Amino acid sequence: MGAPRMEFLPLEGPLEIAFAGRSNVGKSSLINALTNRKGLARTSNTPGRTQELNFFVPDDETDQPLLALVDMPGYGFAKAPKSQVDAWTRLIFTYLRGRSTLARVFVLIDSRHGIKATDGPLLDLLDEAAVSYQIVLTKSDKIKPPALEKLEAQTLDILAKRPAAFPSIITTSSEKRSGINDLRNAIGSLL
Ligand SMILES: Nc1nc2c(ncn2[C@@H]2O[C@H](COP(=O)(O)OP(=O)(O)OP(=O)(O)O)[C@@H](O)[C@H]2O)c(=O)[nH]1
Ligand SMILES: [Mg+2]
């Protein structure tokens, strides 16, 4: 189910796990890797692909699914008009601040770049609203192991000063399918 604006949000029900991060960081690709479904969430080389909050609920025999994975538009640079990007950002922030069934936000960070100033407003919001979040490094196939280790250590230092941040990170590559089981285990322990 897709929600382009707050009034289209589904009723609160299953626990929700949201995937947030800059445009093009790999949110939709990670949801596909997690679910083993190539085209479940639409991905693209062009930043600004995902344009609404998309709620993915597992097929289940019961009427009450246990969880929903929530793909979101990105923030920061996107190939879309500024007014539209501003509207997405408001939608994401309003949803994240006020959703009582939101169990965890995975904040995706590109392994090549680390946490940047554009991630600040999201992390500030989550810290201020005491919404539990965990950093997931993406595209780890694009960086050499020593540089990756350095970035992991730098990222943990930044997180130590952030009250709502989970004190460990998960490093992934949707392309090489690495770290996907770590992410599944993190979701499993939340459930
Ligand atoms: N090499 C590599 N490329 C990746 C990986 N994950 C995603 N990509 C590529 O990065 C681009 C963006 O991926 P998306 O999953 O669409 O990113 P997104 O964060 O959902 O982007 P928006 O919806 O635009 O905010 C695509 O070209 C993907 O193929 C990865 O682990 N490794
Ligand atoms: Mg996307």
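**Helix packing in the predicted model**

The buried residues of helix 2 are covered by elements that include strand 1 (2–3), strand 2 (15–21), strand 3 (53–56), strand 4 (67–71), strand 5 (102–110) and helix 3. The structure described here is a predicted model. Within helix 2, the buried positions are Val85, Trp88, Leu91, Ile92, Phe93, Tyr95 and Leu96. Helix 2 comprises 17 residues and spans 24 Å from its first C-alpha to its last, close to the 24 Å expected at 1.5 Å a residue.

Helix 3, named above among the elements covering helix 2, was examined further as a packing partner. The axes of helix 2 (residues 82–98) and helix 3 (residues 120–128) come within 10 Å and cross at roughly 20 degrees. Because angles under 35 degrees count as roughly parallel, helix 2 is described as roughly parallel to helix 3. The crossing of the two helices is right-handed. On the side of helix 2, the contact is formed by Phe93, Leu96 and Arg97, and on the side of helix 3 by Pro121, Leu122, Leu125 and Leu126. Classified by residue type, this contact contains 6 nonpolar, no polar and 1 charged residues. Phe93 and Leu96 thus appear both in the contact with helix 3 and in the list of buried residues of helix 2.

The loop between helix 2 and strand 5 contains Thr101. Thr101 has a relative accessible area of 13% and is therefore buried, the cut-off being under 20%. Apart from its neighbours within four places in sequence, Thr101 is in contact with Glu12, Gly13, Pro14, Leu15 and Glu16.

A second helix pair was also analysed. The axes of helix 1 (residues 27–35) and helix 5 (residues 180–190) come within 10 Å and cross at roughly 80 degrees. Helix 1 is therefore roughly perpendicular to helix 5, since this term applies to angles of 65 to 115 degrees. In this pair, Leu30, Ala33 and Leu34 of helix 1 meet Ile180, Leu183, Arg184 and Ile187 of helix 5. The contact of helix 1 with helix 5 is made up of 6 nonpolar, no polar and 1 charged residues.

Of the 9 residues of helix 1, 7 are buried, so this helix is largely enclosed by the rest of the structure. These buried residues are Lys27, Ser28, Leu30, Ile31, Asn32, Ala33 and Leu34. Their cover includes strand 2, strand 3, strand 4, strand 5, strand 6 (133–138) and helix 5. Just after helix 1, Asn36 adopts a positive phi of about 60 degrees.

Key: Residues are numbered from 1 along each chain as its sequence is written. Chains are lettered from A and ligands numbered from 1 in the order in which they are written. This is a predicted model: local features need pLDDT of at least 70, side-chain atom pairs count only at pLDDT 80 or more; totals for chains, interfaces and linings use all residues. Side-chain values use heavy atoms; hydrogens and water are left out. Axes are lines fitted to C-alpha atoms, for helices over the stretch in contact, and angles run from 0 to 180 degrees between N-to-C directions. Helices (H or I, at least four residues) and strands (E, at least two) are DSSP runs, numbered from the N terminus. Angles under 35 degrees count as roughly parallel, over 145 as roughly antiparallel, 65 to 115 as roughly perpendicular and the rest as oblique. A crossing is left-handed if the near helix is turned anticlockwise from the far one by less than a right angle, and right-handed if clockwise. Contact means heavy atoms within 4.5 Å. Ala, Val, Leu, Ile, Met, Phe, Trp, Tyr, Cys and Pro count as nonpolar, Asp, Glu, Lys and Arg as charged, and the others, Gly among them, as polar. The expected span of a helix is 1.5 Å times one less than its number of residues. Buried means under 20% relative accessible area, exposed over 50%, partly exposed in between (1.4 Å probe, protein chains only).
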